[in-house]
Number of protein chains: 4
Amino acid sequence: MTDATPGVIGTAIATSTPDAIYVRDRNLVDDLLGKVDFTSMIFFHLRGRLPEPGELAVLNSVLVAVMEHGLTPSSITARLIYSSSPEAMQAAVAAGLLGAGSVFLGSMEDAARILQEGVRGIEDGITDAERYAKEQLRRRLDARQTVPGFGHHIHRPDDPRTPRLLAIAEENGVAGPHVELLRVFSRVMDELKGRHVTVNATGAVAAVLSDIGFDWGIVRGFSLIGRSAGLVGHLREEQEQPLGRHLWALAEAEVPYLGEKGEQ
Amino acid sequence: MTDATPGVIGTAIATSTPDAIYVRDRNLVDDLLGKVDFTSMIFFHLRGRLPEPGELAVLNSVLVAVMEHGLTPSSITARLIYSSSPEAMQAAVAAGLLGAGSVFLGSMEDAARILQEGVRGIEDGITDAERYAKEQLRRRLDARQTVPGFGHHIHRPDDPRTPRLLAIAEENGVAGPHVELLRVFSRVMDELKGRHVTVNATGAVAAVLSDIGFDWGIVRGFSLIGRSAGLVGHLREEQEQPLGRHLWALAEAEVPYLGEKGEQ
Amino acid sequence: MTDATPGVIGTAIATSTPDAIYVRDRNLVDDLLGKVDFTSMIFFHLRGRLPEPGELAVLNSVLVAVMEHGLTPSSITARLIYSSSPEAMQAAVAAGLLGAGSVFLGSMEDAARILQEGVRGIEDGITDAERYAKEQLRRRLDARQTVPGFGHHIHRPDDPRTPRLLAIAEENGVAGPHVELLRVFSRVMDELKGRHVTVNATGAVAAVLSDIGFDWGIVRGFSLIGRSAGLVGHLREEQEQPLGRHLWALAEAEVPYLGEKGEQ
Amino acid sequence: MTDATPGVIGTAIATSTPDAIYVRDRNLVDDLLGKVDFTSMIFFHLRGRLPEPGELAVLNSVLVAVMEHGLTPSSITARLIYSSSPEAMQAAVAAGLLGAGSVFLGSMEDAARILQEGVRGIEDGITDAERYAKEQLRRRLDARQTVPGFGHHIHRPDDPRTPRLLAIAEENGVAGPHVELLRVFSRVMDELKGRHVTVNATGAVAAVLSDIGFDWGIVRGFSLIGRSAGLVGHLREEQEQPLGRHLWALAEAEVPYLGEKGEQ
C-alpha cells in the first residue's frame, strides 16, 4: 500500500499560500469545504481520493459503532481529568484516548492483521480459508489465548452490532474476502468449541475496514477518531451534570486502606 | 442550555443490555447504525436529537475546516511520539491533541463567548450590535490585546475559509444573529483600525457553531474531534514515510548549545 | 531571574560528545554521577549551581510532601489507564499528571505569585506586609473567591504538613520574607474571618520554594516531579494488586443511567 | 516479589485523618517529612522500607543518569506543547513522557528481564552465566535483532556512564549477580562479534536496579521519574528563552511539500 520513496523527506498532506490551503493537492476552500462531509474528508485524507458510496457507508457505520461505550476507563478518565483541569479540555480528551490501549484496541488491530494475512495467503494460493482459520484458531485455543474478534463479556450469544455491520457492507456492495473469511472463522470456531462463540464488533469492524482497503496498521486510528467524539460528548455532560467528584468519592469510600503489606 | 437536575448523579449518555446498546435512549443497532452518518451521530450525542439538514451542513464544514493544518506543533508532536512509541498510536494522537491548547483553541472559545454574550445582550435589549462591538473591540485594542477571531499570520488580507464558512451557513438557512454580529465586528474593526483586518477561520467557526445552537463551552471540542482525524492521517503518512527521526535530527543540528548561562 | 539573550536561539541544558555528556557545562560522569543526589541534580538543572544544605533540605521536604495523596483523580486515572494499556506505563503516568491541573496546582502557583509580588512590593517600599495582606485577602473574600494557600476539606483546623514545612525552612536557616509574609497573611485572615482558617500545604510549599529562590512560574513543576514518583508507586501496586477493573465496575454499578434528558 | 492477596480489593499506599497523613503506615509529617530525602521516599513508597546506604547511592545515580538527554523527541515535544498551551505545564510534561515509549524504555525493561530471568535460572541450577549469555545473544544476533543494553549511536567504543554506574554499585557494596551477569554478557558479546560492543547506560541501569531488588516490571518507572524532572528543566528554559516556535518554523522550512502521491 505504501508508495513512499525511500530516503525522501517530506509530507504530501498539506501546504498553504496567503490565499489558499491545499490538502493532498486539493484546494480546501474551493474543492472540499461545503462539498464533502467529515467522513469523506477522513477517507480522502488517508487515501488521497474521495470514497465511493459503499466505502462511505461502511466508514460511517464503523465510526458510529465505536464512538460510544458508556462509562469505560476511557470516559471515566476524561471526566476525572476534566474535573481537575477544566481550563484544558484537550487534556481530558487526551487522557481518555490513552485508555484506548492494547486491551481494547489491540484486538481490533490483531483481528484485521489476521484477516489481511489470511486473504493474502489465499490469494497467493498458499492456503485456503478453512485451513487458515483452523490453524489460527487451534494455535490460539491450544495456548489458551483469547482470539481477536471473538467473545464479549456482556453481549451473548451475539453482539448486536456484528450482523448489522456486516449487512451494511453487503447491502452497499463492498463486502469482500475479509468478511467472507470472518464468517469461515466463526463457523470453524463454533465447530472447535462445540458451541456458538460471539463474533464481537471488533471482529466485524476489522473485516469491513479491511474490505474497503484499509491496512491493519491504521485500523486503531478509526477508534481514536470515533472515541474522541464520544469523549467530547461525555465532557459536555460533565459540564452540565458533573460526575468527576462523585467518581473520586466512590473510589475513596469503596477502596479500603489495607495497612502495611510488609517490606519488599 | 443545561437541563441537569442539581444533586442528581447519573449519566444520560449510554447503557447496555445483553442484546442491545442504547445511546441517549435510541437503540444503536436498530435506529442509528447504517442510518446516520458520523457527523449526525456527533450532533445527536451532544444534543439528544438528530440535526436538521442545515445544521448538518454547517457541522460538516466546521469539522472539515479544522481537521488539517499541515506541520504544526500538534502534528509534529504526534509524529515525534509515534516514532518513539509505535506500539501506542493512542499516545501519539493524545500528545498531538495536547498541542490544541489556549494558543490555538482558546481564541475559538473566546470568540464564541463574545458573540454569544453579545447576542444575549442584544436580545435582552441591554445593548445593540454596533455599541457592543465598539466596546469589546476598543477595550481589547486599547489594552493591545489580540482580538479573538481576527488576524492571521499567513492568510492576508483574507482567510479564504471565512467567507466560505459563512456562505455555507447562509446557503443552508442557518446563519443567524451570531454571523450577523461577526459581520458588525468586522466592519467596526476596520473603522477603528483604519484598514481591513482579516476575519480568521476561528471567528467564522465560532459564529456558525453559535448559530446552530452550540454553547461556547463546548466549541473547543469540535476542534479536538477534527484534529484527531487529521493526526491519524499524519500517523498514516509517518508509517509509510517517516519524518520523526528527521525532525529530531533537525532540532539537534539547528539548535546550538549555548554553554552555561550562569547561576540563578 | 531570566538571563536569556533576546533573539538568541539555543539551549544551555545539555550536549554530548562520543565520550562525554555535559549537563549545564558539567561533565555528567566525572562531576555529577555518584557525587550528587537526585534532588541536588534537580536543583542544579534548574539553577545552574548545586544547592546549599538548607536549600537542599527544603527542596527534599517539598518533593516528599507533594509525592503522595492516596486515591485522587490523578492516581485513579493512572490505574485505569494502566489497566487498559499495560504495555505503555508512560501513558498511565502521563494521564495521571494531566490530573494535576488548575484545581490542584493552580492554587500553589497563585499562592507563590501573590507572595512573590508582595515581597517585591515591600522591598520596593510600595507597600508593607500588613497592608498587602489586607488588600489581597479583602478583595478575594469580598468576591467570595477561594484564597490560594488557605482552607482544606479534610485537614482542620490545621494541615499537619504546614508547620513542619515552615519549621524545616527555619531550622535550616532559609526561611525568609515569603514565609514571614505567609504568617502575616494567616494572622490577617483569622482577624478578617473571626476564626482560625487552615493554612494548607500548598501555601507552605509556595512560601518555602519562594524563599529558596524559585520563580512562581516553575513552582507547578515540583508537584509534577513529586507526583510522577507517587504515580509510579501506584502502578507498582496496580501490577501486584489491581484496582483498575474494580474502579471501572464501581462506576458502572453506582452511576445510574438516567434515560433521555430531552432535546437541546 | 508480590504479596498481594488474590481477590482482595484495597490499597496499602496512603490514608488520611483530619490531623494526619499516613504513607505505607508511617506518619508523613512525624516520620518522613524533614527526615528522609526524596530518593529515599521513592524507595520507601515502592518497597515499604527505607533504603540501605548502598541502595540509596545506586538509586540516586540511576535517577541522575536518566534525567537529562538534551534535545530528544521527549524534550522537543514538551517544548512544543508548552508553547501551544502555556497555561497547562502538566500537559507539556505529560506529552514529553509519552515519548518515553518502547523505542527508548523498552530496551531498559527488556535488559532487566533478561538479567533477572538469567540470575533466577542460575540460582535454580538450570543454567550457568556463560551458557545463558551465549544462548540469549546467539538467538538475537542470528535473528539480526538489537540486543537490549548493547550499542549506542553516539557513545563509542564505550558509554561513559556504564563503568561509572557499575563502579558506584560496587563501591557501595550492592553489586551482585546481575552486574556480574552483565559483565559475562559483555565478554561473550565481544567474542561472538569479534570486536568490542558498547554496553550502554540502559544495560548498566538494568543491572544495578536489579541488584538492589527492583523487579523488571517497574524499571521503566525510574526513567519516567527522572525524565519528568528533566522535562521541568526544559520548560523552565522555555519560559526564559523559548525554542518552541523556532522548532515549528524549522519543521515548516525544512520539510518540503511533496504534492500528491496518488490514490491508495
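Contact here means heavy atoms within 4.5 Å. Helices (H or I, at least four residues) are DSSP runs, numbered from the N terminus. The model is predicted: local features need pLDDT of at least 70, side-chain atom pairs count only at pLDDT 80 or more, and totals for chains, interfaces and linings use all residues. Residues are numbered from 1 along each chain as its sequence is written, chains are lettered from A in the order in which they are written, and side-chain values use heavy atoms, leaving out hydrogens and water.

**Exercise 1. Find which residues of α5(C) meet α11(D), and describe the crossing.**

Step 1. Locate the helices: α5 covers residues 89-98 of chain C, and α11 covers residues 219-240 of chain D.

Step 2. List the partners. From α5(C) come Met89(C), Gln90(C) and Val93(C); they meet Arg220(D), Gly221(D) and Leu224(D) of α11(D).

Step 3. Sort them by class: three are nonpolar, two polar and one charged. (Ala, Val, Leu, Ile, Met, Phe, Trp, Tyr, Cys and Pro count as nonpolar, Asp, Glu, Lys and Arg as charged, and the others, Gly among them, as polar.)

Step 4. Look at the axes, which are lines fitted to C-alpha atoms over the stretch in contact, with angles running from 0 to 180 degrees between N-to-C directions. The two axes come within 10 Å and cross at roughly 40°. The helices are therefore oblique to each other. (Angles under 35 degrees count as roughly parallel, over 145 as roughly antiparallel, 65 to 115 as roughly perpendicular and the rest as oblique.)

**Exercise 2. Work out what turn lays chain D on chain C.**

Step 1. Recall the principle: two copies of a chain are related by a rotation about an axis and a shift along it.

Step 2. Apply it. A turn of 180° with a shift of 0.0 Å along the axis lays chain D on chain C, with an RMSD of 0.0 Å. (Copies are superposed by least squares on the C-alpha atoms of residues with pLDDT of at least 70 in both.)

Step 3. Find the residue of chain D closest to the rotation axis: Ala94(D), at 2.1 Å (C-alpha).

**Exercise 3. State how much area chain D and chain C bury between them.**

Step 1. Count the partners: 83 residues of chain D are in contact with 83 residues of chain C.

Step 2. Give the area. About 6900 Å² is buried, 70% of it on carbon and sulfur atoms. (Buried area is the accessible area, with a 1.4 Å probe, that two parts lose on being put together, summed over both.)

Step 3. Name the residues of chain D that lose the most area to chain C: Leu33(D), Phe38(D) and Gln90(D), together 11% of what that side buries.

Definitions and conventions: Helix = DSSP H or I, 4+ residues; strand = E, 2+ residues; numbered from the N terminus.
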